[in-house]
Amino acid sequence: MRDVAILGAGITQFGELWESSLRDLGIQAGFEAMRDARIRSDEIDALLVGNMAAGRLIDQTHIGALIADHAGLAGKGVPAVTIECADASGAAAFHHAYLSVASGLHDIVVVGGAEKMTDLPDEDVTDIMATSLDQQWEAFFGATLFADYAMVARRHMHEHGTTREQMAAVAVKNHAHGALNPKAQFQRPIKLESVLGAPAVAQPLGVLDCAPISDGAAAVVLCSADRARKISDSYIKVAASAQAGDSLALHSRGSLCGFEASRVAMEKALKLAGRSRKEIDLAEVHDVTTISEILAVEDLGFVKKGEGGRAAESGMTALGGELPVNTSGGLKARGHPLGATGIAQVIELVEQLKGNAGRRQVKDARLGLAHNVGGCGATAFVHILEAV
Amino acid sequence: MAAGIVSYGAYVPRFRIATESIANVWGQDPVAMARGLGVQSKSVPGADEDVVTLAVAAARMAMRRAGLPGNAVGAVYVGSESHPYAVKPTATIVAEAIEATPLLTAADFEFACKAGTAAIQACMGLVSSGMIGHGLAVGADTSQGAPGDPLEYSASAGAAAFLIGTRDLVALIDRTCSFTTDTPDFWRREGQRYPRHGGRFTGAPAYFRHIASCGRELLERSGSKPSDYTYAVFHQPNGKFPLRAAEELGFKPEQLKPGLLTPVIGNTYSAAVPLGLAATLDVAKPGDRIFVTAYGSGAGADSFDITVTDRILSQDRTGTPTVQSLIDRKVMIDYAIYAKLRGKLLLGGGAE
Amino acid sequence: MAGKAGVRFWRETSSRYNLAGNRCGKCGRFYMPPRPVCLSCHRESLGKMEDARLKGTGEVLSFTVVHESARNFELQSPYIMAIIRMDEGPALTAQIVDCSPQDVKIGSRVSAVFRKIGEEGKSGVIYYGYKFVLD
């Protein structure tokens, strides 16, 4: 397997984008990534698209074909495929794009993620997000995605003493970061009291503990490291791409306080990269809820199990802290177009590793980590990117 | 073979609305309404309850007390005038929920408030003839009255189930008889939401005539008199009618006491007499005789002559609540919540 | 969405009504709903899974009060969702009903009841299943 580099990146605004359809968003991100990578469409060997729910959200499946066509690639025989792992679809697509280049099957691959969530009323979106749970044995009985995470939160509070304030601190931090990100859905800081006082979604989670409904797309161009070196001595290398899984229903897991899938994916990724977690300079983790980030920093091993609540509260994971987490604003503030998130996380790392993150820049960022979870923890991907 | 009651079960939902809360909405005198009807409050089913869930709860209790497996049941009949489906029997769902499927017969009954007792009679016939070993008869309702109509004060929700057999009986049903005529006192047309009734016509020519005629027929055929009975259970559309019917036949108010539930939980329609009987069996002693007469509009009455056996004391009823404890465990609600739960609000939103 | 409840949920009636699960004939581990293969014994359990019913009793592992409800649950909103560890071992996700949220604690003992879960609109099939009440 050969080394793989990220040649270019493109990302749309994330938010409620009434004027843009899914296909519009897909090609906007894709064209920007191609321009950034300085490649032409006839150089594209394959297109992979991460998308979770277009089949329900806009009654459209076959998204690979849709985006390829809209990008002008129809009739060129470019293989185009949709990859789905719930809201880890973006990372899943990246993983398979990486494999296709690493294996030598393809030389230049465009991989993107896109989701159009605002063409339906919010109540429908709640149900559609719940399709990532066990339909027959969780959603059937009234569970929603946020209800599942709420039960994780309550158990974590019970076993480890985590507080609502500690959870709220995650939201405050990520909104502060989002305020520095011109592509973020929310670009204003929020106060702890606002998070604590927000209307309940599923107790103890309130509206400001939960990622928003978002439209958006993000894309990167992958190529072999050899090809990247022809352009420049320094490039961004994919040091590791790993996935792990666990039982679909939350109630089937060994513990409600952590995602084994995240932990195992992390171990695999570190081993593939040949690095230790101490060397990681920043991380984009899956904060679909505030408790999710607390779990993530624990499951990824940055803090001991049970200590995750202190991470945001103490400033450890803020910009300028020991390990900045979610400098993009995270799912919480940057937004969470389901299939796009995994790629958006990768792009934040690319910007940081290249020194292009402006006011969000982490000093001397050389090694970054992206963590993308499907549903309530049944799937987890960890990607490690290295500035060479 | 003589048929009787092997076991019984009951269920009353926990919500209650006071007569006063209803009266205040419609500008009626709360005290006068409560006094006139003899009803203080009525039971209201929760958002996730319907005749099926009520019937299942009562049926499961009867099965648990009997200590029999589901496949011992050869028939399930559910009587109600608020079955959730007009076509697709409640009885099949109950049968599945007590694991009696697939080798059994089942059907739903309708006869206003006496559908439950009609089901008991059908089970008696099947077991006495040897066609089946045990039959489960359930009376269950989540009845509705039109907003502002007098029936709104009393139409309530409940269920009681009787496992009928010929062996190991807690009570023998020595005799049953019925009195049936075509009388339009109370009815609901197909597709209509609420029933209609004939006002004062529902009294003498309907309720009283049928109960008295049927009751007298049972006493005559049994060669018994009212004082031979420890208890009497009558259909109870309000708190007043049963006392008057009892007096007409020669029964005393004390005999009705354990079985008269309408004053606190309203008229549970097909469950009214079954619940009254269940509540009476909860306190009855071996040898007690119980006189039962149910009434259903349309119209008809079913009477039963019941004798309690020794087994009433030895049957294990631990872990299964008495009717009184179901009545006592209550949560009061106001008219707004009641209207929401009973589908009396015009909800908007998505496709139906 | 016509007909989804009719068939897709009908298959699981005995599990949703009567907690019908199964048990590994090799190691005795319980599952609800039934699984085709034991998670501990894997291929050695093939053909050895036996029907088994749960009693219906268990304890609360965690719970939440849902305010942004799933479709068709609006009339019950806010409602309590919980993950319950059944006495035989499997855990289930279900509503806790007939109590107020303050009464529910992690560790509370609960028992299964039969309730209406939902319906496919006013003319569609009604589906029933388990919920739990505090002991």
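This talk goes through a predicted model with chains A, B and C, taking the contacts between chains before the domains inside them.

Let me begin with which chains touch. Two pairs of chains touch, and the pair with the most contacts is A and C. Chains A and B do not touch. Their nearest C-alpha atoms are 10 Å apart.

Now to the interface of A and C. How many residues are in contact on each side? Chain A puts in 29 residues and chain C puts in 35. The area buried between these two chains is about 2900 Å². Carbon and sulfur atoms give 60% of that area. Three residues are worth finding on your screens: Trp137(A), Phe140(A) and Phe141(A). Together they supply 27% of what chain A buries against chain C, and no other three residues supply more.

Next, the polar side of this interface. There is one salt bridge between chain A and chain C. Asp124(A) and Arg71(C) form a salt bridge through their side chains, with N and O 3.0 Å apart. As for polar contacts, 14 residue pairs make them between chain A and chain C, counting pairs with both residues at pLDDT 80 or more.

Which elements of chain A give two or more residues to the side that touches chain C? They are helix H5 (122-129), helix H6 (145-160) and strand E5 (200-202). H6(A) has the largest share, with six residues. Sorted by class, the residues on this side of chain A are 14 nonpolar, nine polar and six charged.

Now chain C itself. Chain C has 135 residues, of which 54% count as buried. It holds two helices and eight strands. In what order do they come along the sequence? The pattern is α-α-β-β-β-β-β-β-β-β, so to read it aloud: helices at the start, strands after them. The C-alpha trace of chain C spans about 45 × 40 × 20 Å along its principal axes. If you take the contacts in chain C with a separation of 6 or more, 49% of them join residues 24 or more positions apart.

Back to chain A, this time to look inside it. Chain A is divided into domain 1, covering 4-121 + 214-231, and domain 2, covering 128-210 + 239-387. Each domain is written as two stretches of sequence. The centres of the two domains, taken over C-alpha atoms, are separated by 23 Å. In the contact between them, domain 1 supplies 42 residues and domain 2 supplies 36.

These two domains of chain A bury about 3000 Å² between them, with 68% of it from carbon and sulfur atoms. The count of salt bridges between them is two. Elsewhere on your screens, look for Asp36(A) and Lys354(A), whose side chains meet in a salt bridge at 4.0 Å, N to O. Between the domains there are also 16 residue pairs in polar contact, both residues at pLDDT 80 or more. Several elements of domain 1 give two or more residues to the side that touches domain 2, among them strand E1 (4-11), helix H1 (22-37) and helix H4 (89-102) of chain A. H4(A) provides seven residues, the largest share. By class, this side of domain 1 has 22 nonpolar, 13 polar and seven charged residues.

Last, chain B. Its domain 1 runs over 4-170 + 316-341, and its domain 2 over 174-311. What distance lies between the C-alpha centres of these two domains? It is 16 Å. The contact takes 56 residues from domain 1 of chain B and 48 from domain 2.

The area buried between the domains of chain B is about 3900 Å², and 62% of it lies on carbon and sulfur atoms. Three salt bridges cross this interface. Asp168(B) also pairs with Arg311(B) in a salt bridge, with the closest N and O atoms 3.9 Å apart. The interface has 26 residue pairs in polar contact, both at pLDDT 80 or more. Elements giving two or more residues to the domain 1 side include helix H2 (30-37), helix H5 (115-128) and strand E6 (134-142) of chain B. H5(B) gives the most, with seven residues. That side has 28 nonpolar, 19 polar and nine charged residues.

That is the end of the talk.

Note on methods: Residues numbered from 1 in each chain as written. Chains lettered and ligands numbered in written order. Predicted model: local features only at pLDDT ≥ 70, side-chain atom pairs only at ≥ 80, totals over all residues. Heavy atoms only, no water. Contact = heavy atoms within 4.5 Å. Buried area = accessible area lost by both parts, 1.4 Å probe. Polar contact = N/O pair within 3.5 Å; in protein donor to acceptor, adjacent residues only side chain to side chain. Helix = DSSP H or I, 4+ residues; strand = E, 2+ residues; numbered from the N terminus. Nonpolar A, V, L, I, M, F, W, Y, C, P; charged D, E, K, R; others polar. Domains from an automatic or database assignment. Buried < 20%, exposed > 50% of the residue type's maximum accessible area, 1.4 Å probe, protein only.
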